[in-house]
Each structure stands twice: as C-alpha cells, then as structure tokens.
Amino acid sequence: MNFDFAAFLEALIHRSPPHVLEHLLLVLVPLLLAVAISFPTGILLTRPRYRPFAGQVLALLNAGQTIPPLAVICIFLPVWGLGYRPAVIALTIYALLPIARNTIAGISGVPLEVREAARGMGMTAREVLLQVELPLSFPVIMTGIKTSAVLTVGTATLATLVGARGMGAVIFAGINFRRVELILAGTLVIGVMALLLDRILTLIEYALTPRFLR
Amino acid sequence: MIELEGLTKHYPNSKKPAVDDFSLKMAEGETCVFVGPSGCGKTTILRMINRLVEPTSGSIRIDGKDVLSADQDQLRRNMGYVIQQIGLLPHRTVRDNVALVPRLLGWAEERTLKRVQELLGLVGLDPEETGGKYPHQLSGGQMQRVGVARAMAADPPIMLMDEPFGAVDPIVRSRLQDEFLQIQHSFNKTICFVTHDIDEAMKMGDKVAIINEGKLVQHGTPMEVLSQPAGPFVRNLLGEDRGVKLLDLTKCQDLMRRDEGLLQKLQGNPCTIGALQPVKAALEVMLRKDCDTVTVLRGDRAVGALTWQEIKGHIHGLSGEDHEL
Ligand SMILES: Nc1ncnc2c1ncn2[C@@H]1O[C@H](COP(=O)(O)OP(=O)(O)OP(=O)(O)O)[C@@H](O)[C@H]1O
Ligand SMILES: [Mg+2]
C-alpha cells in the first residue's frame, strides 16, 4: 500500500463531507436518547426510595459496556434487522452508562451537610434537587455526557456495517479496497468531529455552570 | 413554649439509644443550652425538634401543638437552624444564602434584600463587601456568621443552634458570643443552643441542660447547676474551677456591701472595680494589687465594697456542704 497524498486530499475533500452529516446524526440522536434515559434514571436512583438499586443498575450497565459494540449490533440483528434504526438503538445502549454513572456520582457527591442545611431551612425535596443537587453536580454530569459523546463518535463508525453509513463508509471502503488514504482521511475527520463536539459541549457547560464552580 | 416528652431515638443498627427518654420544657424567650460530651445526643435532639430525624418514641409540642403531625417544610421555615457543619450552599453568594428562607416563604424581593442587608450588618459582616462573595472565599468565622444570619433571616420565633461558634478560635468565639447575647437581648427568641463547651453553656444559657449518653442529667439555671451539681458527672463536667465559674456569674453589685462607714475608710483605695463586672474580675484585682478589699464603682462614684471574706463566704454558701471545692 503506497500513500498517495493527492488521493488523501481527494478523500478528505470530496469523499468524506457527504458522510459527515450522516455520522453526526448517528452521534447526536443516540446521545440525546441516552441523556433522555440515563439522566432521569440517574436522578431516580439517588432518591432515598430507589437508592438501594443504584449499585445493581450500574453493575448491569457496566456489564453492558463490556460487550463489544459490534456484538450488540449483531445480537439485535434478528430483531431489528439492518439499517439506521438498529444502529441508533445499539449506539444509545452504548452511551447510557457514562451518563447514568456520572449523574449518580455527581448527585451523591453533593456534601451531606449542604443537603442537610437545605432540608433544614425548609426546602422541599424537589427544591433541594433543582436548586442544590443539580447545580452542584452539573459539571460531573456534563463530563459523563462528553464521555458518551466522544465514545459514540468512535463507535458510530461501526454502524456502516449494518447499513447505516456514516464516516464508517469511508473507512471500511479503505479497508476493503486497501486504500490507506481513505482510512486516514476518515479517521482524521472522526478525530476532528470528536474534538469539536467535546469543545462545543465544554462551551455549553461553561455557559451553564454556576459561577463559583468555574 | 417547647415541650419534649419521653423523647427517644434509637438509630437502626446501634445497641444503645442515642437519645433516651428525654423530657424538658423550654419557656418562650428562653435560651436553653444543651451541653454534654461528644456523641451524647445533642444534635439528634435538635434534629428531632425540626424533624430531620424522626423520634422512635415520645412527643414534641410547640405552644401545645404536636410537631410530629405538622407539615415538615412549613415547620422548618419557621424555625431557624444553624447546623454544626455550617452547610452554606457553595454555589450561592452570601447574600443568596441568607435570602434562602425569605425566598422560600415568598417574601417580596425588595423586602428580602433589605433584610439580608440588615442581618449581615447585625452579625458583623460588611454587606457590600461580603454580600457578593461565595462561601469558599470566607474565613471559618465569617462562614459561621453567615450561618447564623441565614438562620435568623425570616425572624423565626424559635432558633436551633448546633455549636454555632464551634469553628473559630477562642478570641473570635468569645466575641461572637458577646455579640449574639446582645442580639438575643433585643429579640427575645426561644433558642436551643448546643455546645460541648461548659463555659459557653454557662455564658449563653438562661437554662442549662446537661446530657450524658442520651439522658438528661440536670436542668437548671447556670447558677443552680454550679452551686448544686447533680452528681459526679456534672461536677466533673464543670471542672475543678467550679468556684471561680460561680464568681464569673455573680456581678459585683449583687455581692458588695453597702456600708457607708467602710466606704469612708476606703477613700483613695487603689483597688476598684465596675459594679457590673463579675466578682471574678474583683478577685483578679485583689490578687494583682495585693489587697483584701475592692471598692465597687458605678461610674466614678463608690457604691460599695467587696472583701475577700465575702467572696470566700459566697462560694462556701452556694456550694453548701460540698467540700470538694
Ligand atoms: N444518622 C445516624 N445513624 C446512626 N447513628 C447516628 C446517626 N447520627 C448520630 N448517630 C449516633 O448517635 C449518637 C449521638 O449522636 P449526636 O450527633 O446526636 O451527638 P452529639 O451530642 O451531637 O455529638 P457532637 O458533640 O460530637 O456533635 C452517636 O453515638 C452517634 O454515633
Ligand atoms: Mg453534634
């Protein structure tokens, strides 16, 4: 395999862009779904009534995380078939753990005496959650979301194997046709996407973080 | 009036109850100090009064109304609480921390801010300078002041104060105590004050409740406790210098002799003391200036005299048969 710089540029400028949007959708949709599932679940698992189950749920999610993403997709192949939808479902499952774990860790990390004081002043459990626990755990929760985001940018590459396309289409074409330029171009684009997504989320986090925590 | 009756708390997985059949009445406007060694159950009692801890058995009534069937959040909003670990909200400014309860109660913002301003001044913090700071930018003593201001914000008739001056050095503590006594005199709140410092208890309390292993050992005025300690535990807690502590509680004007003849003789006596000073201070003057008689002054005028004999007699009289002094 020889490296052909012109071909590399061609792959970067002409082949990749059409797949960037596909890839972005394969990242953002599962990410939003994962936040929608994991964030409320994480909160619920820190409420006194459900706290005893937090450990078990995390263990389950942890186990899920150890299954290779390709295997997750394959396991559900008979159920969901090929295409965009099963890819999104698999990627969502994959993105759940970091968000749930950090939501639980963040809220549990709020100092006991702060919670006690808030309760002691007469805040309702709801007010304590919204005005104390969530603002204080926000940076930790955002870290979980960023971890999931970066993770999903990478694993979404595999979605092309079940026909969902994305940047994986470029990389796997490179593998199949032994064109190292394609592999490199695809990898570079994915890397930049991961970095940009992380930056953007960091900016959002900064804008929303209570002033003292910055 | 707060009435605790047969209050007992048995935490799960512990052998002995943390609070054991505890009964006590606190009159309106009275400061009652709970004092006892670490782990004797002081915090648990306070937290049962505002229902952060549910009693295993017993009852709590405030002005005759059963606390245990009241709405928790409403109850707490009407009860100032200074927690032992201070517990300021780290993501809120000092101003917003103090404004917490007024806002929960739905006060108009203007009234809230005015009140915050007033309270910060009251606890000796500059509202302009400190109001916008975050808790982590404050010293320990400043944080405690904010904690006290926060508890007082909505002007609750009852205050629960758990070692409110615990995190500061003795000098600052003594100043905070004095300032708080000043505040208390002008507001007439019912205060449950927790400390493990017996001197603080004697200084701050109208009444003192001495607690050991969850049980009430003695309840009375500081004078009663010092002069008639109920048993060896209390005597031990009071320390070897019980007599001196007694002299600290007695004002010179209460013990002095108003004897015109004696005053005549004492003209020009270099040993003098203010009438409102504790007798302990008069004793200090005697020792320092090596004299047996101190002239008691109100302003510039001599109003009485204190002799060494009288001070000795006072200690012996109050402590009665107790020869351990
Ligand atoms: N939440 C809890 N669960 C179990 N045991 C507890 C709990 N809180 C307190 N205890 C136990 O109850 C006893 C009384 O504790 P408490 O905090 O009331 O003591 P305290 O008098 O306030 O002590 P200190 O002066 O150290 O603050 C202690 O033995 C403590 O270990
Ligand atoms: Mg305590």
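**Figure 1. Contacts and buried area between chain A and chain B of the predicted model.** In the interface, 19 residues of chain A are in contact (heavy atoms within 4.5 Å) with 23 residues of chain B. About 1,900 Å² is buried between chain A and chain B, and carbon and sulfur atoms give 64% of this area. Buried area here is the accessible area, taken with a 1.4 Å probe, that two parts lose on being put together, summed over both. This is a predicted model in which local features need pLDDT of at least 70 and side-chain atom pairs count only at pLDDT 80 or more, whereas totals for chains, interfaces and linings use all residues. Residues are numbered from 1 along each chain as its sequence is written, chains are lettered from A and ligands numbered from 1 in the order in which they are written, and side-chain values use heavy atoms, with hydrogens and water left out.

**Figure 2. Salt bridges and polar contacts across the interface of chain A and chain B.** The rule finds 3 salt bridges across this interface, a salt bridge being a side-chain nitrogen of Lys or Arg within 4 Å of a carboxyl oxygen of Asp or Glu. The side chains of A:Glu127 and B:Arg77 form a salt bridge, with an N to O distance of 3.1 Å. The rule also finds 6 residue pairs in polar contact across the interface, both residues at pLDDT 80 or more. A polar contact is a pair of N or O atoms within 3.5 Å; within protein, one must be able to donate a hydrogen and the other to accept it, and residues adjacent in sequence count only if both atoms are side-chain atoms.

**Figure 3. Surroundings of B:Thr44 in helix H1 of chain B.** Helix H1, a DSSP run (H or I, at least four residues, numbered from the N terminus), spans residues 42-49 and holds B:Thr44. Because its relative accessibility is 9%, B:Thr44 counts as buried, the limit being under 20% relative accessible area (1.4 Å probe, protein chains only). Leaving aside residues up to four places away in sequence, B:Thr44 touches B:Lys9, B:Tyr11, B:Ala18, B:Val19 and B:Val53. With B:Tyr11 there is a polar contact of 3.1 Å between the side chains.

**Figure 4. Residues around ligand 1.** The residues that surround ligand 1, each with a heavy atom within 4 Å of it, include B:Tyr11, B:Ala18, B:Thr44, B:Gln84 and B:Glu163. A polar side-chain atom of B:Ser38 is 2.5 Å from an oxygen atom of ligand 1. For B:Lys42, an N or O atom in the side chain lies 2.8 Å from an oxygen atom of the ligand. A polar backbone atom of B:Cys40 is 3.2 Å from an oxygen atom of ligand 1.

Key:
Helices (H or I, at least four residues) and strands (E, at least two) are DSSP runs, numbered from the N terminus. Buried means under 20% relative accessible area, exposed over 50%, partly exposed in between (1.4 Å probe, protein chains only).
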